Structure formats: C-alpha cells, structure tokens
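Got your viewer open? Here is a short tour, one selection at a time.

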Amino acid sequence: MRISIVTTIYKAEKDLPRLLDSMMSLKSPDLEFFLIDNGSPDRCGEICEEYAKKDNRFFIRTLKDNIGYIRARMLGINECHGDYVGFCDSDDYLEPGGYDHAAKVLSELKCDFYITSHKVHFGDDVYVIHPPYDTGIYRDNIKEVVLPQAFGSLKGKDRLHGFMWKHLYRKTLILESGISLIEDLKPWEDQIFNIDFLQHCHSVLVDNQVIYNYFAKSGSVTRSMIVDFDAEDFWRKTSALYVEKLSRVSTSLERLANANALMSNLDSLVVCLCKKTELSSKTVARTLRSMLGRDEIANHILSDSSGKDLSKRFQFVRCCLKLRLYYLLVLVVRRELRRAMIIS
C-alpha cells in the first residue's frame, strides 16, 4: 500500500524547503512525494533535485511550461505511483507524523476516502479544524450521512470544505470513475470533485488526526478573490458552482445543503461589496439590486435555503435579499463592519 502526495510547484523557492523538510521528516517507506515543477522560472526545480538526492521517496516531474495547478494535479493523479493520492500546496507543510499515521491506518482499513483534520495558520494564530462528522468508518450510510454535507451546511452540521489537501483518495476509484477537476470552477473545483468521488465511494474513514498545515495567505487564489473583489465575477462563479452542484443533487437534503452553501457565498458577496468604502451605500444597494433582483438562480437559492438552518446573521441577510431590502441590508452590514473596526 502506497500513498502519493502530489505537489504542484510554481514560484515557491522561499517556502519550498520548509515543505520538503516536513516531507523528509516523515518515516513511512510507503510514502511517495510526487513533485511537479510546473514551469517554475526560479530555483524550485533545483531545490527539488537536491532533496531527491537525499531521499528516494521523492519523484520529480518537470514541465517546460506552466499549465496551471488544476491541470497539473490531474497529471499528478494519472502519473503518480500510489494506491492513494493526496495533495499539497508548495507554501504549506505537512504535520509531523501525520502521514505516518495515515499510512498505518490505511494499510489496515483500506477505505476509499480518508478525511482528516488540519491546522490553519492566520499570522501568529493557529487553529485546529476537525471534519464535520463523527469519527469512524462509514459504509452503507455514506449517501445519507456523509454526502449531503459535501453540498453545504445543514442545521447544526458544518459543510465538508473542499480543500483536497486534507483528504486521501483511492486512486483507482478516481481513474475508473472518470472523475476530474473542472477548471472553469476555479477556485471551487475541489468541491465538485469531492461530491463526485463520494458518490462512487463504498467506504469513508473520518479521523481527527492532523496531517496538514495550511497558511491563509493574501496571495492564494481564494483570498485574491476577496482582496481584488469583482462582484460580477464572484457572482458568475458562485452561480456556476450552484448549477454544477444542482446537476448532482438527488435528495431534498442535498438540495437544501446546496442552497445553504450558496447563501453563505451571497453573504460574502454582500460583505465584500460593503467593504468598498469608496462606494456609497446607495450605490452598493443598486449594484445588489441589478445583480440579484431578477436573477433566477438567486431566487432559487433564497427559496431553497432554509432560514431555520442558518445563523441569525444569515437569516437576516436572506430575509433582506428575499424581500429586496437592499439598502437596509447595506446600512446594517456596514454598521456591523464599523463596530468590528473593519471599515471606518
């Protein structure tokens, strides 16, 4: 039994040694570190070669041109040598002993999908994030218990975040089922991948073992959407994700979870627009009205999401959007942002 950890690398020479050191510190001989030099113009390729000379578990795939992280990950899935495949970003690092534990567990239980815990680093603050399920192995009840939360949150139950680097997937199941990453859904392509994978799973293991350290950085794909916020683009991507998930919905619970997840994105849309202090409140309200007032998908989300499943804050946002009280919503959200000293 072998685990391949696929890492796509581009312009990461500053952080790369930290990651590769964390890989080398792992003891299991069942690990393969499949490094893809994704046309990086700096010293990343040389650094990878230096580590490969020290540890034969490193395998390097060099690309002449950058093909994007999504296509590179698919290449890694097809070419890596493991029975299981996991993923890693080049500016994060692996938890000491985490994958050693994973290798031991998977050699014993041989499940299709392994869901783990991870750490998130916000500056000097570190948070441990556990899976939104009870620990243990799921078999006959995957579609009833595990799958719905891959679509979104439910009452008292958080959603299964995409983040492929905190999961391990049985490689043959990916290849035989024809599952792939949809590039047009970036940066949420991982959510659809997890849904598709779970729909083919026969066994899922949920473990609170931490295997990964994620750094929340301003330069990440998801964060850049917030920093350089484009409301029209955000809504287009949000709508596309909703429609893609909806095409996979087979139960009322999945439909509800999907709508709740997109309701969360609607809230993010409102907050990010309200943070644009160069825009007057009336201008923000008009923008929301023009985008959402007659949008069929927005109306579906507001109809399908359940107020009782949402926090009081989300209930208020949902109510204002449903009643088209855009100006009131903007005034209240901006007041809360001022109280939190996020805007002046």
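Is K110 buried, exposed or partly exposed? Select it and show the surface: with a relative accessible area of 48%, K110 is partly exposed, because that value falls between the 20% and 50% cut-offs. One thing to keep in mind as you click around is that this is a predicted model.

Stay on K110 for a moment. You'll find it in the loop between α4 (98-109) and β6 (113-122). Check its backbone angles too: K110 is not a glycine, yet its phi is positive, at about 50°. That's worth a second look, since most residues other than glycine have a negative phi.

**Zoom out**

Now show the whole chain as a cartoon. You should be able to trace 15 helices and ten strands. The radius of gyration is 21 Å, close to the 20 Å that the globule rule gives for 344 residues, so the protein is as compact as a globular protein of that length. Draw a box along the principal axes and the C-alpha atoms fill roughly 60 × 45 × 35 Å.

Colour by accessibility next. Of the 344 residues, 53% are buried. The accessible surface comes to about 15,900 Å², and carbon and sulfur atoms account for 49% of that.

Try colouring by charge as well. There are 48 positive and 47 negative side chains, and the centres of these two sets lie 7 Å apart.

How do distant parts of the sequence meet? Take the contacts between residues at least 6 apart in sequence: 80% of them join residues at least 24 apart.

**Select helix α3**

Pick residues 69-79, which make up helix α3. Which of its residues are buried? They are I70, A72, R73, M74, L75, G76 and I77. Now bring up what surrounds them: the cover over these buried residues includes the strands β1 (3-9), β2 (31-38), β3 (58-63) and β4 (84-89). On the helix side, α7 (171-177) and α8 (189-198) are also part of that cover.

**Select the aromatic rings**

Show Phe, Tyr and Trp side chains as sticks. The count comes to 17 aromatic pairs. Centre on Y51 and F58: their ring centres are 6.2 Å apart and their planes meet at 65°, so this pair is edge-to-face. The cut-off behind that label is a plane angle over 60 degrees. Both partners are tucked away: Y51 counts as buried at 8% relative accessibility, and F58 counts as buried at 7%.

Then select F87, F113, Y169, F193 and F197 together. Ring pairs link these five residues into a cluster.

**Select the K186–P187 bond**

Go to the loop between α7 and α8, where P187 is found. Which kind of peptide bond joins K186 and P187, cis or trans? It's a cis bond, with omega at about 10°. For comparison, most peptide bonds are trans.

**Select helix α12**

Residues 281-292 form helix α12, and M291 is in this helix. M291 is buried, with a relative accessible area of 6%. What does M291 touch, leaving out residues up to four places away in sequence? Show A231, E232, W235 and L269 to see its contacts. If you'd like to try the distance tool, draw a line from M291 to G162: they are 129 residues apart along the chain, and their C-alpha atoms are separated by 27 Å.

K282 lies in helix α12 too, but K282 is exposed, with a relative accessible area of 52%. Draw another line, this time from K282 to N208. These two are 74 residues apart along the chain, with 47 Å between their C-alpha atoms.

**Last stops**

Select S250, in the loop between α10 (231-246) and α11 (252-274). S250 is exposed, with a relative accessible area of 60%. From S250 to S28 is 40 Å in space, C-alpha to C-alpha, and 222 residues in sequence.

Finish in the segment after α15 (326-339), where M341 lies. Like K110 at the start of the tour, M341 has a positive phi without being a glycine; for M341 the value is near 60°. Turn the surface back on for a final look: M341 is exposed, with a relative accessible area of 75%.

Technical notes
Residues numbered from 1 in each chain as written. Predicted model: local features only at pLDDT ≥ 70, side-chain atom pairs only at ≥ 80, totals over all residues. Heavy atoms only, no water. Helix = DSSP H or I, 4+ residues; strand = E, 2+ residues; numbered from the N terminus. Rg over C-alpha atoms; globule rule 2.2 N^0.38 Å. Buried < 20%, exposed > 50% of the residue type's maximum accessible area, 1.4 Å probe, protein only. Contact = heavy atoms within 4.5 Å. Areas by Shrake-Rupley, 256 points an atom, 1.4 Å probe, with all protein chains shown as cover. Lys, Arg positive; Asp, Glu negative; His and termini not counted. Charge placed at Lys NZ, Arg CZ, Asp CG, Glu CD. Phe/Tyr/Trp six-rings, centres within 6.5 Å; stacked < 30°, edge-to-face > 60°.
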